[in-house]
Amino acid sequence: MLGRLGLFVLTLWAAVTVNFVLPRLMPGTPADAAVAKLSQNGPVSEATRAAIEAQLGVPDGNLLAQYGSYLRQVATLDFGVSYTFYPQTVSSMVSQALPYTLLLVGLVTVLAFAIGTLIGVLSAWKRGTWLDALPTLSGSFLSTFPYFWTALLLLFFLGYVLHWFPTTGAYSATTTPGFSLDFLGDALTHAALPAITILLTSLGGWILGMRNAMINTLGDDYVTFAEANGLRGRTVALRYAARNAILPNLTGFGLALGGVVGGSVLVEQVFGYPGIGYLLFNAVIGQDYPLMQALFLMITVSVLVANFLVDVLYGLLDPRTRR
């Protein structure tokens with residue numbers, strides 16, 4: 001565990017450093033974009049440009065000085081003011097978008113993993129029957145569709161044609177956000193189409209992954225021995241075979257949970273859902289360094305923490321990994 005923890009700290013430092021470098025490799029600066037807009041109405045003086053840079057808080061000095069300032073900001077979770085959504089702070093923007101992403105992507109990821117894993121166990125245990133063929137074919141069929149294509153189909157048919165669900169936003173303009181049944185019901189209705197999209201496109205991977213791992217496990221000697229001793233089929237499937245077969249799926253689930261914080265950029269963009277993915281897209285388009293750095297860092301740290309927890313959980317579930 002100490003070795004894993006040391007590797008985690010080293011990887012975290014590398015991720016923080018890469019997070020600092022990447023936005024600065026992009027061509028241009030936010031000040032250049034603002035000056036380009038102003039120049040459409042006439043020449044822009046150097047004084048105006050300097051005022052824009054001061055207002056936006058564009059980093060100055062050499063890269064080493066910027067890196068030192070950036071590390072202090074990371075340590076204090078102070079990422080400054082957003083260039084795109086000026087004068088709102090980065091912290092306020094992230095705190096507003098994060099609950100929507102956790103509600104949408106987080107809940108759907110857990111549901112897809114649970115449903116897909118159970119269907120995969122059933123499919124492998126009943127291999128060769130229609131209970132195996134139907135989930136396998138359906139999972140293979142659904143996993144071939146990209147997120148955005150499925151989102152556009154659902155948006156057109158269920159939103160514009162049938163009018164069953166809202167087509168954009170996280171809640172209606174007439175609804176006041178708060179902890180009320182009206183707002184929660186409205187928010188769930190707006191999250192339905194993005195949630196269905198993510199569920200349909202991710203369910204096939206969990207089904208096929210669990211089915212394949214389960215079939216390999218069913219051929220092991222201890223499963224055959226358990227069946228020969230007259231144990232019930234459900235006991236053999238769940239307590240013997242599935243317990244070991246779920247380990248590869250558990251790794252994928254940990255990484256998927258780590259990626260929850262990043263949201264689903266394409267799905268949130270199609271539905272105009274104000275989550276982290278939608279915020280990240282606008283930050284990249286607007287060359288918003290502070291917002292990009294905060295979001296990239298949050299996503300990276302969540303993936304690293306999830307990966308570390310999976311390593312720890314592996315040691316608890318599988319004694320062979322402790323050797």
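How far apart are the end C-alpha atoms of residues 187–208, and what share of the chain there is helix or strand? The end C-alpha atoms are 32 Å apart, and the chain over residues 187–208 is 100% helix and 0% strand. The views below come from a predicted model.

**Figure 1. The whole protein, read as 13 helices and 0 strands.**
Along the sequence the pattern is α-α-α-α-α-α-α-α-α-α-α-α-α. The protein has 323 residues, and 37% of them count as buried. Take the contacts between residues at least 6 apart in sequence: 73% of these join residues at least 24 apart.

**Figure 2. Spans that UniProt lists under "transmembrane region".**
The unreviewed UniProt entry lists residues 100–125, 146–167, 187–208, 250–271 and 291–317. Two of these spans are described here. Residues 146–167 are 68% helix and 0% strand. Their end C-alpha atoms lie 19 Å apart. Residues 187–208 are 100% helix and 0% strand. There, the end C-alpha atoms are 32 Å apart.

**Figure 3. Helix 7 against helix 8.**
Two packed helices are described by the angle between their axes and the distance between the axes. Helix 7 covers residues 147–161, and helix 8 covers residues 181–218. Their axes come within 9 Å and cross at roughly 135°. That angle makes helix 7 oblique to helix 8. The crossing of the two helices is right-handed. From helix 7, the contact uses Tyr147, Thr150, Ala151, Leu154, Leu155 and Leu158. From helix 8, it uses Leu193, Ile196, Thr197, Ile198, Thr201 and Ser202. By class, the contact has 8 nonpolar residues, 4 polar residues and no charged residues.

**Figure 4. Ala151, a residue of helix 7.**
Is Ala151 buried or exposed? Ala151 counts as buried, because its relative accessibility is 0% and the cut-off is under 20%. Setting aside neighbours within four places in sequence, Ala151 is in contact with Thr197, Val270 and Phe271. Thr197 also belongs to the helix 8 side of the contact in Figure 3. Ala151 and Leu266 are 115 residues apart in sequence. In space, their C-alpha atoms are 8.7 Å apart.

**Figure 5. Ser202, a residue of helix 8.**
Ser202 has 18% relative accessibility, so it counts as buried. Which residues does Ser202 touch, not counting those up to four places away in sequence? They are Ala112 and Tyr147. Tyr147 is one of the helix 7 residues in the contact with helix 8.

**Figure 6. His163, in the loop between helix 7 and helix 8.**
Most residues other than glycine have a negative phi. His163 is not a glycine, yet it has a positive phi of about 55°. Is His163 buried or exposed? His163 is exposed, with a relative accessible area of 61%.

**Figure 7. Helix 5 against helix 13.**
Helix 5 spans residues 90–125, and helix 13 spans residues 289–317. The two pack at an angle of about 50°, with their axes 10 Å apart. That angle makes helix 5 oblique to helix 13. Helix 5 passes helix 13 in a right-handed crossing. Which residues meet here? Helix 5 brings Val90, Met93 and Val94. Helix 13 brings Pro290, Leu291, Ala294, Leu295 and Met298. By class, this contact has 8 nonpolar residues, with no polar and no charged residues.

**Figure 8. Val121, a residue of helix 5.**
Val121 counts as buried, because its relative accessibility is 7%. Beyond residues up to four places away in sequence, Val121 touches Met210, Met214, Leu238 and Ala242. Val121 and Met214 are 93 residues apart along the chain. Their C-alpha atoms are separated by 6.4 Å.

**Figure 9. Leu12, a residue of helix 1.**
Helix 1 runs over residues 2–25. Leu12 is partly exposed, with a relative accessible area of 24%. Not counting residues up to four places away in sequence, Leu12 touches Val301 and Leu304. How far apart are Leu12 and Thr300, in sequence and in space? They are 288 residues apart in sequence and 8.0 Å apart in space, C-alpha to C-alpha.

Note on methods. Residues are numbered from 1 along each chain as its sequence is written. This is a predicted model: local features need pLDDT of at least 70, side-chain atom pairs count only at pLDDT 80 or more; totals for chains, interfaces and linings use all residues. Side-chain values use heavy atoms; hydrogens and water are left out. UniProt positions are given in the numbering used here, feature names are shortened, and annotations may be inferred rather than shown by experiment. Helices (H or I, at least four residues) and strands (E, at least two) are DSSP runs, numbered from the N terminus. Axes are lines fitted to C-alpha atoms, for helices over the stretch in contact, and angles run from 0 to 180 degrees between N-to-C directions. Angles under 35 degrees count as roughly parallel, over 145 as roughly antiparallel, 65 to 115 as roughly perpendicular and the rest as oblique. A crossing is left-handed if the near helix is turned anticlockwise from the far one by less than a right angle, and right-handed if clockwise. Contact means heavy atoms within 4.5 Å. Ala, Val, Leu, Ile, Met, Phe, Trp, Tyr, Cys and Pro count as nonpolar, Asp, Glu, Lys and Arg as charged, and the others, Gly among them, as polar. Buried means under 20% relative accessible area, exposed over 50%, partly exposed in between (1.4 Å probe, protein chains only).
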